[in-house]
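Welcome! Please take a moment to look over the sequence and the 3D view, and then work through the exercises at your own pace.

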Amino acid sequence: MTTEPSLKRSLLEVRDLRVHFPVKEGVFSRVNRFCKAVDGVSFSIRPGETFGLVGESGCGKSTLGKAICRLLRPTAGSIEFEGNALQSLSKSGMRPFRRDLQIVFQDPAESLNSRQTVGEILEEPFIIHRLGSEAERRAKVTALLDRVGLAKSSVSKYPFEFSGGQRQRIGIARAIALEPKLLICDEPVSALDVSVQSQILNLLMELQQEMNMSYLFIAHDLSVVRVLSDRVGVMYLGKFVEIADGDELFSNPLHEYTKALMSAIPSTDLDAVRDRVILRGDVPSPIDPPPGCAFARRSPIEVSEEEASQPGDFVEVSPGHWVELHPATVRDYERYITPSR
Amino acid sequence: MSEFPARDEPLLSVRDLVTAFDTDDGQVVAVDGVSFDVEAGKTLGIVGESGCGKSVTAMSLMRLLPQPAGRILGGSARFQGEDLVTASEERMRSIRGAEIGMVFQEPMTALNPVHRIGKQIGEMLLLHEPLSKAEAWQRSIELLKLVGIPAPETRVGEYPHQLSGGMRQRVVIALALACNPKLVIADEPTTALDVTVQAQILDLLRSLQKRLGMSVIMITHDLGVIAEMCDEVVVMYAGRVAERGSVRDIFGNPQHLYTRGLLESIPRLDSPRKQELTTIPGAVPPLSEMPVGARFAPRSSHPEVTAYLESASFREERPVLVEFAPGHWVEDCRYVRAFEGEMTK
Ligand SMILES: Nc1ncnc2c1ncn2[C@@H]1O[C@H](COP(=O)(O)OP(=O)(O)OP(=O)(O)O)[C@@H](O)[C@H]1O
Ligand SMILES: Nc1ncnc2c1ncn2[C@@H]1O[C@H](COP(=O)(O)OP(=O)(O)OP(=O)(O)O)[C@@H](O)[C@H]1O
Ligand SMILES: [Mg+2]
Ligand SMILES: [Mg+2]
């Protein structure tokens, strides 16, 4: 039996979400295989909370983020936002929720129209949602620029005239224009230099304080997630393998994959003594994921093929701490099997 | 050789290297007087933010600057006593690959997508060593084994697209090591890889270096990678060396405000949650607007820096590096040096 974490009073409730992409092989062949980018994900986000999402390239982080704000249609499962089911809404059905659900991308250049001035880019959300007079909108734009730390004179400039960090500020300004309740940040600082990265992270933390937004903060850098997040979910091959409160996860990681991720971060502490968890092989493809526990064949805990082909259970081992429990994923895993479950 | 009477001559000794590009807006100097030494068997790290001139430094050493825009305007790079800056193009061709190996960020730039792995390594070997084709193929298999590729006998006959990103980078390392080079220049070799794969590749580089004894120039923007891999470190800012020293000097007792700023702005696994991160205010000036004086000064938090920014000295005088402690060099300008009352770690 698989139990999933559910929270009272949540802003967002995702249940058993799946996003499968058809794989086209050859020109005439029919689609009979699927890339299971997101394959049964459940979690929730509370109002004002930051949920950090980590995992390596291709594990399905962006796909999950896009499905939640319905830039993608999920294959199965449910997305509840303030009690409203979003999973099968049409484009126009989504319109009332757009204001409250915004996304910031890694590369703002991709999402900013290069032929619009910054002023036009920032005014657009107000026009789409028919908010305020022209003068009011202009005043809002000026206030936004000021809020994200850009000069007033930026209004008449184009995105390409800005540095990467400044473009990210423009992307953030547009996303927060209508004061969303949930901001999905998809690797917003991954392309930035460290000194610029810390400026943007500070900005995101300040904005959250002021506006009481919730964040789904996606990153592959655990240290960045550590700083921002209240709770953290670790994803592997389309599924969560561990979810816990940030402090708990970083002080008491249980899944061997989480440990491997943590121990792989190169440390600037010259005297750090480290126990590096080195994984075997490469991340398997989400097209034909291995049967059973997807991680078992890479884990430093070796198990028989028979055991590996059994799926793990996603269970709550201590309050709020969920982990994929399987002989190959958690050391002394019997310890965590409680008779009540 | 008489220039270095006191100790063994380093394998590579770069002095006052200046490299510029012709652009539509005139000439821009991307590397402005960079000096460092690489000792035999040691790893030197070059660290700094995007655009500070790390890759241009590497390309200058290999004489692979984009032509005709890029040009070395001055300085020297003595490699085993021979100046790479003035060496003939023919000589450079035999140095590249054979005596100096290269690993770049994107493995696909170094690999030919239409040739089998074995053919590519074999060609590199045949270029520099008298081998038969069969011997070259055999050596390719050995090299793949050396870099930890499972089932090398099979992989040697495959094409790059059949390999994962991490395996491709291993192949590129095999290529770089094919002719037993004395020096390997690795420009962001793990930046495109996931952390767990990065850990594997860094482990590999370390163990190969131990076995083969080559020197490495490790270029990265990741201070963690520098701390784990390097003996000596060059911190670059806006085309110049801000600070240079042993890894202990740089991480344990950084003297330049830029080095400190970088170290303090990285989030760490033990950083407190939801607390403001340290930042370096401002941004790097564009190449076309580089001041002659201390380039970091406009971002300095020194209480009296404004007077310096308005002074003739900032407009006209280029600060030199001073030896703060033996082997530990820092830009000689008090406005960009750590000052009293500065945050301490
Ligand atoms: N539109 C699409 N069509 C087909 N496959 C897709 C599509 N988008 C993503 N995928 C596949 O889904 C999987 C997950 O991709 P996704 O972009 O969500 O990963 P990610 O975790 O965001 O990775 P990264 O860290 O590289 O951004 C990958 O195997 C990817 O190739
Ligand atoms: N072909 C070129 N023409 C003009 N300018 C160039 C050229 N190549 C590089 N530059 C400039 O030289 C400077 C140094 O570039 P370089 O590629 O060495 O930076 P880097 O430190 O390697 O940065 P990154 O971390 O982004 O790789 C940059 O300002 C860049 O714009
Ligand atoms: Mg992504
Ligand atoms: Mg570079």
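Below are five short exercises on this predicted model, each with a worked solution.

**Exercise 1. Find how many helices and strands chain A has, and judge its radius of gyration against the globule rule.**

Solution. Start with the secondary structure: chain A holds 11 helices and 12 strands. Next, take the radius of gyration, which is 21 Å, while the globule rule gives 20 Å for 341 residues. The two values are close, so chain A is as compact as a globular protein of that length. To picture the outline, imagine a box of roughly 70 × 55 × 45 Å along the principal axes, filled by the C-alpha atoms of chain A. Finally, look at burial and contacts. In chain A, 52% of the 341 residues are buried. Among the chain A contacts with a separation of 6 or more, 63% are between residues 24 or more positions apart.

**Exercise 2. Work out whether helix H7 of chain A has the span expected for its number of residues, and whether it is enclosed or open.**

Solution. First, locate the helix: H7(A) covers residues 194–211, which is 18 residues. At 1.5 Å a residue, a span of 26 Å is expected. From first C-alpha to last, H7(A) reaches 26 Å, close to that expectation. Now turn to burial, where the cut-off is under 20% relative accessible area. Of the 18 residues in H7(A), 13 are buried, so this helix is largely enclosed by the rest of the structure. One last step takes you just past the helix, where Asn212(A) has a positive phi of about 50 degrees.

**Exercise 3. List the buried residues of helix H4 of chain A and say what they pack against.**

Solution. Begin with residues 118–128, which form H4(A). The buried ones are Val118(A), Gly119(A), Ile121(A), Leu122(A), Glu123(A), Pro125(A) and Phe126(A). Then ask what lies on the other side of these residues: they pack against two helices of chain A, H5 (134–147) and H6 (164–176). After H4(A) comes Arg130(A), which has a positive phi near 50 degrees.

**Exercise 4. Place Leu287(B) in its chain, and decide how exposed it is and what it is in contact with.**

Solution. Step one is location: Leu287(B) sits in the loop between helix H11 (257–265) and helix H12 (305–309) of chain B. Step two is exposure. Partly exposed residues lie between the 20% and 50% cut-offs, and Leu287(B), with a relative accessible area of 32%, is therefore partly exposed. Step three is contacts. Setting aside neighbours within four places in sequence, Leu287(B) touches Val28(B), Val29(B) and Ala30(B). As a final check on distance, Lys145(B) is 142 residues from Leu287(B) in sequence, and their C-alpha atoms are 44 Å apart in space.

**Exercise 5. Describe chain B through its secondary structure, outline, burial, surface and charges.**

Solution. Chain B has 13 helices and 12 strands. Its radius of gyration is 21 Å, which agrees with the value near 20 Å for a compact globule of 345 residues. Along the principal axes, the C-alpha trace spans about 70 × 50 × 45 Å. For burial, 54% of the 345 residues qualify. The exposed area of chain B is about 15,100 Å², with 51% of it supplied by carbon and sulfur atoms. For the charges, count 36 positive and 46 negative side chains in chain B; the centres of these two sets are 5 Å apart.

Methods:
Residues numbered from 1 in each chain as written. Chains lettered and ligands numbered in written order. Predicted model: local features only at pLDDT ≥ 70, side-chain atom pairs only at ≥ 80, totals over all residues. Heavy atoms only, no water. Helix = DSSP H or I, 4+ residues; strand = E, 2+ residues; numbered from the N terminus. Rg over C-alpha atoms; globule rule 2.2 N^0.38 Å. Buried < 20%, exposed > 50% of the residue type's maximum accessible area, 1.4 Å probe, protein only. Contact = heavy atoms within 4.5 Å. Expected span 1.5 Å × (residues − 1). Areas by Shrake-Rupley, 256 points an atom, 1.4 Å probe, with all protein chains shown as cover. Lys, Arg positive; Asp, Glu negative; His and termini not counted. Charge placed at Lys NZ, Arg CZ, Asp CG, Glu CD.
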